[in-house]
Amino acid sequence: MAEHIDTGLRGEELAADYLAACGWQVVGRRWRDGGTGGSGTDIDIIARSPDGVYHFIEVKTRTRSVFRHGDFSPEAAVTSGKAQRMLQAAERYMGAQGLGGEIAVDLVAVVLESGTGEPEVCYYPDIVR
């Protein structure tokens with residue numbers, strides 16, 4: 001598998017572990033919305049928090065070495081357009097599953113250290129304003 005794909009999958013695993021440690025239930029992974037006009041939006045993680053809110057989470061992962069050499073931070077990788085598409089996809093998911101209730105679109109940014117260093121996981125709630 002390509003290194004960037006391995007990096008992304010590792011970040012998603014760390015993000016799911018982080019959410020589970022916070023008491024959240026991961027109910028979906030790598031869900032793809034068919035969207036309209038054939039375009040689709042990928043949702044990395046769908047989780048339900050202890051207060052019953054469904055969270056649609058984008059995970060952005062970078063390695064520290066790439067991040068240091070001028071690549072943008074994970075947080076900067078989610079545009080307002082992407083966040084809006086995620087919100088629309090979240091609404092379609094809820095409708096298709098027959099679910100009601102509050103939804104949120106969130107970001108988890110992961111920075112992986114080289115070697116055996118601990119990864120940095122940062123959670124940013126409600127990125128759609």
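Me: What does the protein chain expose in this predicted model, and what share of that do carbon and sulfur atoms supply?
Reply: The protein chain of this predicted model exposes about 7100 Å², and 49% of that area comes from carbon and sulfur atoms. Buried residues account for 37% of the 129 residues.

Me: Which elements make up the chain, and in what pattern?
Reply: The protein chain has three helices and five strands. Read along the sequence, the pattern is α-β-β-β-α-α-β-β. Among contacts between residues at least 6 apart in sequence, 52% join residues at least 24 apart.

Me: Why is Trp 24 called buried?
Reply: Buried means under 20% relative accessible area. Trp 24 has 14% relative accessibility, so the label applies.

Me: What makes Tyr 123 partly exposed?
Reply: Partly exposed covers the range between under 20% and over 50%. Tyr 123 is at 24% relative accessibility and therefore counts as partly exposed.

Me: How many aromatic pairs are there, and what makes Trp 24 and Tyr 123 edge-to-face?
Reply: The count is three aromatic pairs. For Trp 24 and Tyr 123, the distance is 5.6 Å centre to centre, with 85° between the planes. A pair needs ring centres within 6.5 Å, and planes over 60 degrees apart count as edge-to-face; the values for Trp 24 and Tyr 123 satisfy both conditions. The pair links distant parts of the chain: Trp 24 lies in the loop between α1 (3-21) and β1 (25-33), Tyr 123 lies in strand β5 (residues 120-124), and the two are 99 residues apart.

Me: Why is the pair of Phe 56 and Tyr 93 called edge-to-face?
Reply: The ring centres of Phe 56 and Tyr 93 are 5.5 Å apart and the planes are at 75°, so the pair is edge-to-face. Phe 56 belongs to strand β3 (residues 54-63) and Tyr 93 to helix α3 (residues 80-97), 37 residues apart. Both Phe 56 and Tyr 93 are buried. Together with Trp 31, Phe 56 and Tyr 93 form one aromatic cluster.

Me: What makes strand β4 largely enclosed by the rest of the structure?
Reply: Strand β4 (residues 103-112) has 10 residues, and nine of them are buried, so the strand is largely enclosed by the rest of the structure.

Me: How do you know that β4 pairs with β3 and with β5?
Reply: Two strands pair if there are at least two bridges between them. β3 and β4 have 10 bridges, in the parallel sense, and β4 and β5 have five, running antiparallel. Both counts therefore meet the rule. On one side, Arg 62 has Val 111 in β4 as its bridge partner; on the other, Ala 109 has Cys 122 in β5.

Me: How many disulfides does the structure hold, and what are Cys 22 and Cys 122 called in terms of accessibility?
Reply: The structure holds zero disulfides; that is, no pair of cysteine sulfur atoms is within 2.5 Å. Cys 22, at 40% relative accessibility, counts as partly exposed. Cys 122 is at 23% and also counts as partly exposed.

Me: Why is Pro 50 called exposed, and which residues is it in contact with?
Reply: Exposed means over 50%, and Pro 50 has a relative accessible area of 62%, so it is exposed. Pro 50 is found in the loop between β2 (41-48) and β3. Leaving aside neighbours within four places in sequence, Pro 50 is in contact with Cys 22, Gly 23 and Trp 24. The C-alpha atoms of Pro 50 and Gln 25 are separated by 7.9 Å, with the residues 25 apart along the chain.

Methods: Residues are numbered from 1 along each chain as its sequence is written. This is a predicted model: local features need pLDDT of at least 70, side-chain atom pairs count only at pLDDT 80 or more; totals for chains, interfaces and linings use all residues. Side-chain values use heavy atoms; hydrogens and water are left out. Helices (H or I, at least four residues) and strands (E, at least two) are DSSP runs, numbered from the N terminus. Buried means under 20% relative accessible area, exposed over 50%, partly exposed in between (1.4 Å probe, protein chains only). Contact means heavy atoms within 4.5 Å. Accessible areas come from the Shrake-Rupley method with a 1.4 Å probe; for residues, only the protein chains shown count as cover. Rings of Phe, Tyr and Trp (its six-membered ring) pair if their centres lie within 6.5 Å; planes under 30 degrees apart count as stacked, over 60 as edge-to-face and the rest as tilted.
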